[in-house]
Amino acid sequence: MGNSIQQMKLQRKKAQRDKRIKAKMQAQEALGALNEFAGAASMACIDNPGKITDFYYVETEKIGEGSYGRVCRCSNMSTGAPRAVKILRKVSDKREVR
């Protein structure tokens, strides 16, 4: 009987260790994905110098609005990836700039 209790304790320890290892691996994968996303997001401005309309189809319908301007949907012309763009108002002449 004592042997079966020891086996149960060992199995429990192994299960806990496996659970910790799995959680650590998932955390590392998530961190890797986050770093990859951050790297791609930081390249958006570097890869697209010039006017936004040269690289994105910008819809006129607004999806949101804030104190500095409105937000519209857009999509990348080459990849079709959906994005959002905030269109800011110039305070001096009240024209919108994209």
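1. R70 is buried, with a relative accessible area of 16%; buried means under 20% relative accessible area, exposed means over 50%, and partly exposed lies in between (1.4 Å probe, protein chains only). This residue, R70, belongs to strand 2. A polar atom of the R70 side chain lies 3.2 Å from the backbone oxygen of T60. A polar contact is a pair of N or O atoms within 3.5 Å; within protein, one must be able to donate a hydrogen and the other to accept it, and residues adjacent in sequence count only if both atoms are side-chain atoms.

2. On the basis of the description: this is a predicted model, in which local features need pLDDT of at least 70 and side-chain atom pairs count only at pLDDT 80 or more, while totals for chains, interfaces and linings use all residues. Residues are numbered from 1 along each chain as its sequence is written, and side-chain values use heavy atoms, with hydrogens and water left out.

3. On the overall plan: the protein chain has one helix and four strands, arranged along the sequence as α-β-β-β-β. Helices (H or I, at least four residues) and strands (E, at least two) are DSSP runs, numbered from the N terminus. Of the 98 residues of the chain, 10% count as buried. The chain exposes about 8500 Å², of which carbon and sulfur atoms supply 57%; accessible areas come from the Shrake-Rupley method with a 1.4 Å probe, and for residues only the protein chains shown count as cover. Among contacts (heavy atoms within 4.5 Å) in the protein chain with a separation of 6 or more, 12% are between residues 24 or more positions apart.

4. On the pairing of strands: strand 1 (residues 56-65) and strand 2 (residues 69-76) run antiparallel and are joined by six bridges. Two strands pair if DSSP finds at least two bridges between them. Three residues lie between strand 1 and strand 2 in their hairpin. Strand 2 also pairs with strand 3 (residues 82-89) in the antiparallel sense, over seven bridges. That second hairpin has five residues between its strands, and G80 in the turn has a positive phi of about 80 degrees.

5. On individual partners in the strands: V71 of strand 2 is the bridge partner of G64, and V71 also has K86 in strand 3 as a bridge partner. S75 stands opposite P82 in strand 3.

6. On the nonpolar core: the largest one has six residues, namely Y56, V58, C72, C74, V85 and I87. Strand 1, strand 2 and strand 3 are the elements that give two or more residues to this core. A nonpolar core is a set of buried Ala, Val, Leu, Ile, Met, Phe, Trp, Tyr and Cys residues joined through side-chain atoms within 4.5 Å. In soluble globular proteins, nonpolar side chains tend to be buried together.

7. On the salt bridges: the structure holds three. A salt bridge is a side-chain nitrogen of Lys or Arg within 4 Å of a carboxyl oxygen of Asp or Glu. Side chains of opposite charge can pair when their charged atoms come close. K14 and D18 meet in a salt bridge at 3.1 Å, N to O. Both K14 and D18 lie in helix 1 (residues 2-47), four residues apart, about one turn of the helix. D18 also forms a salt bridge with R17, with the closest N and O atoms 3.7 Å apart, and K14, R17 and D18 are thus linked in a network of salt bridges.

8. On the exposure of these charged residues: K14 is partly exposed, with a relative accessible area of 45%, as is D18, with 33%. R17 counts as partly exposed at 42% relative accessibility. The remaining salt bridge joins the side chains of K62 and E65 at 2.4 Å, N to O. K62 counts as partly exposed at 44% relative accessibility, whereas E65 is exposed, with a relative accessible area of 51%.
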